[in-house]
Amino acid sequence: MKMSCYKLFVFFVVIVCSVISSGAVELTFELPDNARECFYEEIAKNVSATLEFQVVTGGQYDVDVTLESPTKEVIYRQVKQQYDSHRFTAEVEGVYAACFSNEFSTFSHKLVYVDFQVGDERPLLPGMGDHATVMTQMESSITEVHESLKKVLDYQTHHRLQEAQGRKRAEDLNERVLWWSLLETVAICTIAIFQVVILRNFFSERKPSVMYNKM
């Protein structure tokens, strides 16, 4: 019984380590206005890869995206897109470039999330995909738990991006409300002072000398 629990613990450690050390590259970077940023990845021939991006904050939440092969051929292009996912298979071996452009914007900075996955996922256990026999109950459980953990990570990433967008919009709205409130306060104070000055002029008494001169 103790041995079975130990094996189960080892299997779970392997699953967690495989999820953490996966080949996916995820990053979030700031894209200034009138700027263009490129990321490069070396991919072998006939290896599949997936490029996924999403604009988290900034402007109208859109960027221009291009994916170029080592021969400078554009294999994927999007104009003013907020989010998308593109899967492709490398036809030639070399360095592929994923470029994000904010050159059409003159003052809006963008925060962009990028997930660049290259190659197939490695097996959970050494030699797990080599044997031709049916997987054992333990291996089937490991695979199911691994797939569930990957879904959990995807959901967490999605919710983190949604939370960042919501927080940024709330901060922008708070700033606009603050400035609008200050403007209304200044306007009310100005009108109040102007009314007081006018009322004082209505009820102010004229000096007799001034009245005599006018007569």
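In the predicted model, strand 4 (residues 63–68) pairs with strand 7 in the antiparallel sense, and five bridges join the two. Within this pairing, Thr66 has Cys99 of strand 7 as its bridge partner. Strand 7 also pairs with strand 2 (residues 36–43), again in the antiparallel sense, here over eight bridges. In that pairing Cys38 is bridged to Cys99 of strand 7. Cys99 is thus named as bridge partner both of Thr66 and of Cys38. Strand 7 itself spans residues 94–101 and is mostly covered, with seven of its eight residues buried. In a regular strand, side chains alternate between the two faces of the sheet.

A second region of interest is helical. The unreviewed UniProt entry annotates residues 177–199 as a "transmembrane region". In the model, the chain over residues 177–199 is 100% helix and 0% strand, and the C-alpha atoms at the two ends of this stretch are 33 Å apart. Leu199, the last residue of the annotated range, is placed in helix 2, which comprises residues 137–203.

Leu199 also contributes to a nonpolar surface patch of about 600 Å², together with Phe194, Ile198, Phe202 and Phe203. The relative accessibility of Leu199 is 47%, and the residue therefore counts as partly exposed, since that class lies between the cut-offs of under 20% for buried and over 50% for exposed.

Note on methods:
Residues numbered from 1 in each chain as written. Predicted model: local features only at pLDDT ≥ 70, side-chain atom pairs only at ≥ 80, totals over all residues. Heavy atoms only, no water. Buried < 20%, exposed > 50% of the residue type's maximum accessible area, 1.4 Å probe, protein only. Helix = DSSP H or I, 4+ residues; strand = E, 2+ residues; numbered from the N terminus. Pairing = 2+ DSSP bridges. UniProt positions renumbered as here; feature names shortened; annotations may be inferred. Patch = residues over 30% accessible without salt bridge, like charges linked within 9 Å, V, L, I, M, F, W, Y side chains within 5 Å. Areas by Shrake-Rupley, 256 points an atom, 1.4 Å probe, with all protein chains shown as cover. Salt bridge = Lys/Arg side-chain N within 4 Å of Asp/Glu carboxyl O.
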